[in-house]
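Trainee: I am new to this structure and would like a close look at a single part of it. Please take me through that part and whatever is tied to it.

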Amino acid sequence: MTFNEEQIRTLPWHKYGQPEFNHRTTVPDAIVAMWQADDNPQACAEACKELLNAVANEHSGIYYPVLIEVLPYIEEMLLTGGAWQKHVLIGLLHDLSTGLECEGLYEPDLFSEGKIHTIDEVFKRKLLELRPRMEEIAATDEFNAENAKYFIEQLDDITLELSENNME
């Protein structure tokens, strides 16, 4: 996947549950801001907060189904972004996967194989798909390598949780 701002802005983001205070352009604006922040620490921090607010209500402890559709862009930024961009995105994924729950129980049109899963199950499965990216970051000498190693441990916990709940 390569960054294509026009494509991001024309996707039907409204189809996916998201915070009620979002506007039509909130999600694509947040993705673009994060992408453009690249390796500027201040811009990365601000864009990450904007992205978090576009997909979650941290004060209420919930994230929304739109997050599932944002994850491929986060993965691409983890692959091609600067060190600061990766750093804040790893933190964002950690925050979203620990302590936040999904608003909305089911979105069957998001899934294959005709199975209906909770958004939380799908989110955790998608997080596990990020493991190769985290391993690549962990193997570098970038300052965020330790964060990636910690997140890999968190992915191990998610794998265990899914297998214990027969979700895998």
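Trainee: How do the axes of helix H2 and helix H4 come together, and at what angle do they cross?

Mentor: A word on the source comes before the answer: this is a predicted model. Helix H2 covers residues 26–37 and helix H4 covers residues 66–80; their axes come within 11 Å and cross at roughly 10°. Angles under 35 degrees count as roughly parallel, and H2 and H4 are therefore roughly parallel to each other. On the H2 side, the contact is made by Val27, Ile31, Met34 and Trp35. H4 brings Val66, Val70, Tyr73, Glu76, Met77 and Thr80 to the contact. Sorted by class, the residues in the contact of H2 with H4 are 8 nonpolar, 1 polar and 1 charged.

Helix H4 has further partners, and Tyr73 is a good place to continue. Tyr73 belongs to the contact with H2, and its ring also pairs with the ring of Trp13. A pair of aromatic rings is described by the distance of the centres and the angle of the planes. For Trp13 and Tyr73 the centres are 6.2 Å apart and the planes stand at 55°, so the pair is tilted. Trp13 sits in the loop between helix H1 (5–10) and H2, while Tyr73 is in helix H4, so the pair ties together parts that are 60 residues apart in sequence. Both Trp13 and Tyr73 are buried.

The structure holds 3 aromatic pairs. Another of them is formed by Trp84 and Phe143, which is also tilted, with 4.8 Å from centre to centre and 50° between the planes. Trp84 lies in helix H5 (residues 83–97) and Phe143 in the loop between H7 and helix H8 (145–164), so this pair ties together parts 59 residues apart in sequence. Trp84 is partly exposed, with a relative accessible area of 32%, and Phe143 is partly exposed as well, at 42%.

Back on H4, Glu75 leads to another helix. Glu75 forms a salt bridge with Arg133, and the closest N and O atoms are 3.6 Å apart. This pair links distant parts of the chain, since Glu75 is in helix H4 and Arg133 is in helix H7 (residues 131–138), 58 residues apart. Glu75 counts as partly exposed, at 24% relative accessibility, whereas Arg133 is buried, with a relative accessible area of 18%.

Arg133 also meets Glu136 in a salt bridge, at 3.4 Å from N to O. Here the partners both lie in helix H7, 3 residues apart, which is about one turn of the helix. Glu136 counts as partly exposed, at 40% relative accessibility.

For the wider setting, a search of the whole structure finds 10 salt bridges. One of them joins the side chains of Lys124 and Asp120, at 3.1 Å from N to O. Lys124 and Asp120 are 4 residues apart in helix H6 (residues 119–129), so about one helical turn separates them. Lys124 is buried, with a relative accessible area of 10%, and Asp120 is partly exposed, at 25%. Elsewhere, Glu5, Arg9 and Asp29 are linked in a network of salt bridges.

To return to the part you asked about, H4 makes contact with H2 through residues including Tyr73. Tyr73 of H4 also pairs with Trp13, and Glu75 of H4 is joined to Arg133 of H7.

Definitions and conventions. Residues numbered from 1 in each chain as written. Predicted model: local features only at pLDDT ≥ 70, side-chain atom pairs only at ≥ 80, totals over all residues. Heavy atoms only, no water. Axes fitted to C-alpha atoms, helices over the stretch in contact; angles between N-to-C directions. Helix = DSSP H or I, 4+ residues; strand = E, 2+ residues; numbered from the N terminus. Parallel < 35°, antiparallel > 145°, perpendicular 65-115°, else oblique. Contact = heavy atoms within 4.5 Å. Nonpolar A, V, L, I, M, F, W, Y, C, P; charged D, E, K, R; others polar. Salt bridge = Lys/Arg side-chain N within 4 Å of Asp/Glu carboxyl O. Buried < 20%, exposed > 50% of the residue type's maximum accessible area, 1.4 Å probe, protein only. Phe/Tyr/Trp six-rings, centres within 6.5 Å; stacked < 30°, edge-to-face > 60°.
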